[in-house]
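Biologist: Hi! I'm new to this one, could you walk me through it?
Modeller: Happy to, let's pull it up.

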Amino acid sequence: MSSKKIRTPFGPEVARTLRAGDRVLLTGTILTGRDAAHKRLFELLQAGKPFPVDIKDMLIYYVGPSPAKPGRPIGSAGPTTSLRMDPYAPALMEAGLRGMIGKGSRAKLVKDAIVKYGGVYFAAVGGAAALIAKSIKAAKIVAYEDLGPEAIYQLEVEDFPVIVINDAEGNDLYEQGVAEYKRA
Amino acid sequence: MRVIEAGKVTEEVRRLCIEANYFLGEDMEKALREAADTEESPVGKDILGQIIENARIAREEQCPICQDTGTAVVFVELGQEVHITGGDFVTAINEGVRQGYKDGYLRKSMCHPFARKNTGDNTPAVIYTDIVPGDRLKLTVVAKGGGSENMSAVKMLTPAAGKKGVKDFVVKTVVEAGPNPCPPVVVGVGVGGTFEKTALLAKKALLREVGVHSPDPELAQMEAEVLEEINKSGVGPQGLGGRVTAMWVAIEMIPCHIASFPAAVNINCHVARHKEVVI
């Protein structure tokens, strides 16, 4: 199956060209963040304080990587379940975040925010963490080092394989895919 | 009385933590290959291929199959003729977890429930000990992922619900979990006992070799029926649509109170990891 190659970060005009079901290979810079980091970012937002990293047009990858072995940029690094970040995602998109990479369904509020802000939600293959790590060429902690695996990393990725789940038109690949294969 | 050093327990738990996270079991690899053959969805087939390739990379490069290297759940069968010496048993197990997760470059995932502060070494392990006849010590380490654990459930059914009640509960739990527990999954089911015992049975069911039915013909038939029903859902690999949502269902059952009918579903992701040793 053919894949679209996209450079990240990207703006809403690129996000709007993506459709649920598209295979995409991402190259460029992405951020990581999961439960604890999202809680902190959200609290900063509520307090009207600046973020420790610039999230404009960035993708956040929901991942808590395993420790890097010597000589490697990162350990195994597959996606974690996205729904736990649902309470925070719309506010982050309003603040400039372009999209998210994770696994599993999103709440309606998140899907609506993707349509509203011209965003995108990608899934990576959950559990394929050693394979995915091959496309991560560099990693550095840019915020919240004290959170250990939950720190915010900046990743340099090359042909990082994802699939579009929710697009800016409101489509949802999980709903479409399951409907196609459901048996009575 | 046979003497086993606590240090030996630590050494074996350390090794099992690392090996469970690097080397997927042969039963799982076989089940994944069969799933890839069965799957009709092109995307699903491709995903199963990636999952198989991922297991190969982890094995050859000796790195974690999944970044979520789990809660260390340790099942102990302690022969009543064994005397553990040179330290306390629980501390020895936790020390093995501490060393294994550090030396194996495994992720430390345990934290304070409220503050969410990481304990830093993946302890405490969750330990279950059965005292059994004999002079052997069996240790089984399960590296249990959080995503699939979160989709698990216990239900106090009423006796009137019968077999159908259990089947419906299991199918509903797995299908509603959709993409979240990283399908294709392995499903452990507990029936009977008490509120907490049925959940433990469901977890123990996940230790059974994938592809092996219950020796009880009634349960074996139920396992096959539940599996078929789950796979009609269309959830498929990673929830993107397809035929293979679950690869196996294992049911364990014991008697329960005349008023009760507890049942539990413990879901495991496609990285169903456990390793055991008999000392």
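Modeller: A word on terms to begin with: two strands pair if DSSP finds at least two bridges between them. Please also keep in mind that this is a predicted model.

Biologist: Thanks! With that in hand, in what sense do S7(B) and strand S8 of chain B pair, and over how many bridges?
Modeller: S7(B) and S8(B), the latter covering residues 246-256, pair in the parallel sense over eight bridges. If you want a spot to click on, B:Val186 stands opposite B:Trp248 in S8(B).

Biologist: And S7(B) with strand S9 of chain B, parallel or antiparallel?
Modeller: Antiparallel, over six bridges, with S9(B) spanning residues 261-268. There, B:Gly188 has B:Asn266 as its bridge partner, and B:Val187 is matched with B:Ile267.

Biologist: Is strand S7 of chain B buried or exposed?
Modeller: Nine of the nine residues of S7(B), residues 185-193, are buried, so this strand is largely enclosed by the rest of the structure.

Biologist: What order do the strands of that sheet have?
Modeller: The order is S6-S9-S7-S8 in chain B, an open sheet of four strands with mixed pairing. At the edges are S6(B), residues 153-157, and S8(B), and each of them pairs on one side only. On average, neighbouring strands are turned by 15 degrees against each other, direction ignored.

Biologist: Which helices pack on it?
Modeller: Helix H6 of chain B, residues 162-177, lies across S6, S7 and S9 of chain B and runs at about 30 degrees to S9(B). Helix H8 of chain B, residues 217-230, also packs on the sheet; H8(B) touches S7 and S8 of chain B, and its direction makes about 140 degrees with that of S8(B).

Biologist: Now for the sheet S4-S2-S5-S10 in chain B. Which strands stand at the edges there?
Modeller: This is an open sheet of four strands with mixed pairing. Strands S4 (126-132) and S10 (274-278) of chain B stand at the edges; each has a single partner strand, so one side of each is left without a neighbour in the sheet. The twist from one strand to the next averages 10 degrees.

Biologist: How many bridges link S5 and S10 of chain B?
Modeller: Five, in the antiparallel sense, with S5(B) covering residues 137-144. One place to look is B:Thr140, which stands opposite B:Glu276 in S10(B).

Biologist: What lies across that sheet?
Modeller: Helix H4 of chain B, residues 89-103, lies across S2 (71-79), S4 and S5 of chain B, at about 140 degrees to S2(B). Helix H7 of chain B, residues 195-205, packs on the sheet and touches S2, S4 and S5 of chain B; the direction of H7(B) makes about 95 degrees with that of S2(B).

Biologist: At what angle do H1 and H4 of chain B pack?
Modeller: At about 40 degrees, with the axes of H1(B), residues 6-22, and H4(B) 7 Å apart. Angles from 35 up to 65 degrees count as oblique, and H1(B) and H4(B) are therefore oblique to each other. Their crossing is right-handed. Residues making the contact include B:Val13 and B:Cys17 of H1(B) and B:Ile93 and B:Val97 of H4(B). By type, the contact residues divide into 10 nonpolar, five polar and three charged.

Biologist: And where H2 and H3 of chain B cross, left-handed or right-handed?
Modeller: The crossing of H2(B) and H3(B) is left-handed. The axes of H2(B), residues 26-38, and H3(B), residues 42-61, come within 8 Å and cross at roughly 155 degrees. That makes H2(B) and H3(B) roughly antiparallel to each other. Among the residues in contact are B:Leu32 and B:Ala36 of H2(B), and B:Leu48 and B:Ile52 of H3(B). The contact has seven nonpolar, no polar and five charged residues.

Biologist: Switching to chain A: where is A:Gly104 found?
Modeller: A:Gly104 is in the loop between strand S4 (99-102) and helix H4 (108-117) of chain A. With 0% relative accessibility, A:Gly104 counts as buried.

Biologist: What does A:Gly104 touch?
Modeller: Not counting residues up to four places away in sequence, A:Gly104 touches A:Ser82, A:Tyr121, A:Tyr174, B:Pro179 and B:Asn180.

Biologist: And which residues of S4(A) are buried?
Modeller: Both faces are covered: A:Gly99 and A:Ile101 on one side, A:Met100 and A:Gly102 on the other, are all buried. S4(A) runs parallel to strand S3 of chain A, residues 59-61, and three bridges join them.

Key:
Residues numbered from 1 in each chain as written. Chains lettered and ligands numbered in written order. Predicted model: local features only at pLDDT ≥ 70, side-chain atom pairs only at ≥ 80, totals over all residues. Heavy atoms only, no water. Axes fitted to C-alpha atoms, helices over the stretch in contact; angles between N-to-C directions. Helix = DSSP H or I, 4+ residues; strand = E, 2+ residues; numbered from the N terminus. Parallel < 35°, antiparallel > 145°, perpendicular 65-115°, else oblique. Left-handed = near helix turned anticlockwise from the far one by under 90°. Contact = heavy atoms within 4.5 Å. Nonpolar A, V, L, I, M, F, W, Y, C, P; charged D, E, K, R; others polar. Buried < 20%, exposed > 50% of the residue type's maximum accessible area, 1.4 Å probe, protein only.
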